[in-house]
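Colleague: Could you take me through one part of this model closely, with the cut-offs behind each term? I would like to hear about the contact between two of the domains.

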Amino acid sequence: MGRLFGTNGVRGISNVEMTPELAQHLGLACGTYLNSIKKPSNRRKCAIIGTDTRTSNSMIKCAFVSGILSTGCDIYDAGIITSPGLQYATRSFKMDFGVIITASHNPPEFNGIKCIDADGTELAPEQESVIEDIYFSGTFAKADWKSIGAVYPKPDAVQVYIDKVVSCVDANAIAKRRPKVVVDASNGAGSFTLPYILRKLGCEVISLNCQPDGMFPGHQSEPVEENVKDLMNTVKAAGADFGVVNDGDADRAVFIDENGKYITQDKELTLFAKLAVEEASKKKCKNMYVACPVAISMSTEEAIKPYGAKMVYTVIGSPKVARKMIELDAVFGGEANGGLIFPEMQYCRDGGMAAAKMAEIISKTGRKVSEMVAELPQWQMVQAKTKCPNEIKQKVIEEYAKSAKALKPESVDMQDGTKSYFKNGWVLARPSGTEPIYRVYAESKERKVAEKLLSDHIKMIEDLVAKLKV
Ligand code: MG
């Protein structure tokens, strides 16, 4: 039995891996899964579906919809919508399930299917594996002809999302300050949200790549520095307060400061976490928790400490972060890839909310983005990977954990790989779930120390692989 779901749903090249056959069978499997969940009422199950702007979306969507209708579920079609927009719609329209056809930041030939739980969070891996089992069993629920599902349009989902984001920030403060913002939607689903949210808040908006186009003519939809040079130049030329770019499905947002400088995503995460706990401490909030995956920079933990906030590390993956935030009623959470989670809005990465929040921050504080970034704690992270055959991976994991403990670290976190904290820094060695590799991260205030930690631990793994390989 193969695996279908990766860390971000099902992904592949359209008409190669991402075929209509796969989409239809996944629709059948999701509908069968939904029918198996007992609810107090026996009403028909309903799901909402939306897509980003990719050229293969209609093919994948129609196939998925045909499968799920066959199981007797109704479908509400939100059209082109961002991932956070669809996630908010799933919860606010009281759907049983949500489906997003998107390959996020991947090149245009890719597409994917991501499944959303009734509460708007991404499905947990345990739920995905139930759907996988149904998919591979090939045994699907089939409704009789009188109970086959129907499709209803849901064109207001995008507007409902925009209105909710606007209600979650201090719109008066933003309208008063009227920040100038250059937005770049990467020709993706954010084309329908990013400029509209900021305009509704009273910002002066200059838009780039905000015409939806699945060929991604502006630039590739991953918001890395080399893809957003036009945005960086425009921010500077226009004298804007900041620039913001969404990836293809707009669950991530990355920022450019007022000088046209790209803000790295670990700094972005630290900045938003710091500002969230600062605000929460003013409100005398009790649950001063910030949740992030184990591989993020120590700068975030250091930045939130003075406010009495506690950092809680989770397994890598935004669904894990979101669920930990719900459990702790945390004030903030996110990943160091531009995926930020604002609990006042919803428990998922939200690139529209992040943009609105940045407008609010500079309006309320009257500060420049570059100044706020310059004040953040400075740490130096390095990373590398090393080969480790899958057959001996489990043994290497066990032996490496023993060797790392023998170095007498101050503490060890074993929830996702082995993360050892030393006096001068930390090292995380994390085996890949699929590839025959180990990823190793090390961080310290000094680059030399981080590099030494990294090379020492890579060497430890290499020695173990050589010893256990035979
Ligand atoms: Mg994305």
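Modeller: Happy to; here is the domain contact, followed by a short look at one strand.

This is a predicted model, so local features need pLDDT of at least 70 and side-chain atom pairs count only at pLDDT 80 or more, while totals for chains, interfaces and linings use all residues. Residues are numbered from 1 along each chain as its sequence is written, and side-chain values use heavy atoms, with hydrogens and water left out.

The domain assignment divides the chain into domain 1 (10-155), domain 2 (160-256), domain 3 (265-350 + 365-374) and domain 4 (380-469); such bounds come from an automatic or database domain assignment. Let us take domain 3 and domain 4, whose C-alpha centres are 26 Å apart. Ten residues of domain 3 and twelve residues of domain 4 make up the contact, where contact means heavy atoms within 4.5 Å.

The size of an interface is often given as the accessible area lost when the parts come together. Here domain 3 and domain 4 bury about 950 Å² between them, with 54% of it on carbon and sulfur atoms; this is the accessible area (1.4 Å probe) that the two parts lose on being put together, summed over both.

Now the polar side. The rule finds one salt bridge across this interface, a salt bridge being a side-chain nitrogen of Lys or Arg within 4 Å of a carboxyl oxygen of Asp or Glu. There are also six residue pairs in polar contact across the interface of domain 3 and domain 4, both residues at pLDDT 80 or more. On the domain 3 side that touches domain 4, helix 10 (298-304) and strand 12 (310-314) are the elements that give two or more residues. A polar contact is a pair of N or O atoms within 3.5 Å; within protein, one must be able to donate a hydrogen and the other to accept it, and residues adjacent in sequence count only if both atoms are side-chain atoms. Helices (H or I, at least four residues) and strands (E, at least two) are DSSP runs, numbered from the N terminus.

For the strand, look at strand 4 (residues 97-101), where five of its five residues are buried, meaning under 20% relative accessible area with a 1.4 Å probe, protein chains only. Five bridges join strand 4 in parallel to strand 2 (residues 46-51), and five more pair strand 4 with strand 5 (residues 110-117) in the antiparallel sense; pairing takes at least two DSSP bridges. Val 99 faces Ile 49 and also stands opposite Cys 115 in strand 5.

Note on methods:
Buried < 20%, exposed > 50% of the residue type's maximum accessible area, 1.4 Å probe, protein only.
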